[in-house]
Amino acid sequence: MSASGTKGIASTNEVIESAVIRAPLSHVWHFIKLPEFDKFWSAVTKAEHVKGTSNETDVVRWTFKDGSVVEVKQDEHSNLDHFITYSVINTEPELPYSSVVSTIRCWAVTSGELADSTFVRWTSKFSSDADIGVIEDAKYKRRDALKGLAEAAAKMVKEHSK
């Protein structure tokens, strides 16, 4: 309860969005690289490697349609297990929360009516100072990005079937 005796809105500081994309894992995984996000996420107008960072650190700058700029650092990447984990390390303008770490993981759907599709799960864990507005915004942004990923992968399927 707050000082006024009212309960606040309970929320989690994690966003989990998923989708089944009707394209083979190889086509979907092709886009899951930080410098490729502008190829499927309509909110990102430009994705580029940040020069001057250490050889051991993979940092990419995303420029969004609204003019904001986010630098993300790749924390983990596995071509064997098909996942990437990244964290936001710098933003312009400054974000209203301290940190967020996100993971995108892909699995091949191997049987059933959706065989030869890909299941994609995008999780984002925010610091405790992220409010419900941040969480809701992230949810819709992830959904939009997954929709764009599905469209980009479908286009690749169509091009490969010619």
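1. Lys46, Glu48, Arg61 and Glu71 are joined to one another through a network of salt bridges. The model is a predicted one, and its salt bridges number 9 in total. The points below take up some of the pairs.

2. Lys39 takes part in a salt bridge with Asp38, where the N to O distance is 3.6 Å. Lys39 also meets Glu36 through a side-chain salt bridge, here at 3.8 Å from N to O. Both distances can be set against the cut-off, since a side-chain nitrogen of Lys or Arg has to lie within 4 Å of a carboxyl oxygen of Asp or Glu.

3. How buried or exposed are the residues around Lys39? Lys39 itself has a relative accessible area of 48%, so Lys39 is classed as partly exposed. Asp38 is partly exposed at 24% relative accessibility. Glu36, at 21%, is partly exposed too. The class boundary matters for reading Glu36, because buried means under 20% relative accessible area.

4. A further salt bridge pairs the side chains of Lys139 and Glu136, with 3.3 Å between N and O. Where do Lys139 and Glu136 lie in the chain? Both belong to helix α2, which covers residues 132-160. Lys139 and Glu136 are 3 residues apart in this helix, so about one helical turn separates them.

5. Glu136, the acidic partner in the pair with Lys139, has a relative accessible area of 30% and therefore counts as partly exposed.

How values were computed
Residues numbered from 1 in each chain as written. Predicted model: local features only at pLDDT ≥ 70, side-chain atom pairs only at ≥ 80, totals over all residues. Heavy atoms only, no water. Buried < 20%, exposed > 50% of the residue type's maximum accessible area, 1.4 Å probe, protein only. Helix = DSSP H or I, 4+ residues; strand = E, 2+ residues; numbered from the N terminus.
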